[in-house]
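Visitor: I have a model open and would like to learn how to read it. Please take me through some features, one at a time.

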Amino acid sequence: MTPTITAFERSPDRGRGLARDMRVRWALEEVGQPYEVRLVSFEAMREPAHLKLHPFGQIPTYEAGDLALFESGGIVLHIAERHAGLLPDDVNGRARAITWMFAALATMEPPIVERGMAWLLESDKPWYEQRQPLLEERVRKRLGELSARLGDTNWLEGEFSAGDLMMVSVLFRLKGSDLLQEYPNLTAYVARGEARPAYKRAFAAQLAVFTAASTS
Ligand SMILES: N[C@@H](CCC(=O)N[C@@H](CS)C(=O)NCC(=O)O)C(=O)O
């Protein structure tokens, strides 16, 4: 059965690959599962039909048969559990890979998003100049800890896994920033993720939506 995911009709990040349907697309590409995309506008995301799929009125969602999911982490985990290629076969290895997914979403993503949102929504406010170094420090702390753990290995737990897919997707939000560049092993880790053929296909598919919308 071909699953259907939702994605932004118009990309607020101008096609930089930050919208979270990217993680789901990437996971589907990694496991070789074809998928369909239903594009939604910001207005449609607030409509009852979409709220039935996603209680918080966001993207991405995932539908396959009578299963409907929301939350990129839940969706990627479901894909990884249903198909070979994103989770190790042994029970402990799977548990560790899943733990890295949670670490990406619950430990790394919040300070990274908070820093980004402050820049987006508060950079004209009088407190921003004072607040920004604090937000950067919180991100830097987590990057330093992650960098120390990754060391000079390619992936977090041996082979590439859903844990790496999620971690790279989260770090991608810092791409090009001085913060990420302070950690050459993390910069290289993100680049390794981006170099994967499945990532490239997912990125191209998401970018095509932006390109089509901006020329129409
Ligand atoms: N924790 C959610 C976050 C979903 C989320 O923030 N989606 C964004 C796009 S990346 C969205 O729909 N933003 C529009 C809005 O919140 O109104 C997940 O990982 O799926």
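Visitor: What span should helix 5 have at 1.5 Å a residue?

Guide: The expected span of a helix is 1.5 Å times one less than its number of residues. Helix 5 covers residues 128–150, which is 23 residues, so the expected span is 33 Å. Its end C-alpha atoms are 32 Å apart, which agrees. Helices are DSSP runs of H or I, at least four residues, and strands are runs of E, at least two; both are numbered from the N terminus. This is a predicted model: local features need pLDDT of at least 70, side-chain atom pairs count only at pLDDT 80 or more, and totals for chains, interfaces and linings use all residues. Residues are numbered from 1 along each chain as its sequence is written, and side-chain values use heavy atoms, leaving out hydrogens and water.

Visitor: Which residues of helix 5 are buried?

Guide: Buried means under 20% relative accessible area, exposed over 50%, and partly exposed in between (1.4 Å probe, protein chains only). In helix 5 the buried residues include Leu-135, Glu-136, Val-139 and Leu-143. The buried residues of this helix pack against helix 4, helix 6, helix 7 and helix 8, where contact means heavy atoms within 4.5 Å. Just after helix 5, Gly-151 takes a positive phi of about 55°.

Visitor: How many aromatic pairs are there?

Guide: A pair of aromatic rings is described by the distance of the centres and the angle of the planes. Rings of Phe, Tyr and Trp (its six-membered ring) pair if their centres lie within 6.5 Å; planes under 30 degrees apart count as stacked, over 60 as edge-to-face and the rest as tilted. The count here is 8 aromatic pairs. Trp-26 and Phe-160 make a tilted one, 5.9 Å centre to centre with 35° between the planes. This pair links distant parts of the chain, 134 residues apart: Trp-26 is in helix 1, Phe-160 in the loop between helix 5 and helix 6.

Visitor: Is Trp-26 buried or exposed?

Guide: Trp-26 is buried, at 0% relative accessible area. Phe-160 is buried too, at 8%.

Visitor: Why is the pair of Tyr-199 and Phe-203 stacked?

Guide: The planes of Tyr-199 and Phe-203 are at 15° and the ring centres 6.2 Å apart, so the pair is stacked. Both residues lie in helix 9, 4 residues apart, about one turn of the helix. Tyr-199 is buried at 5% relative accessibility, while Phe-203 is partly exposed at 23%.
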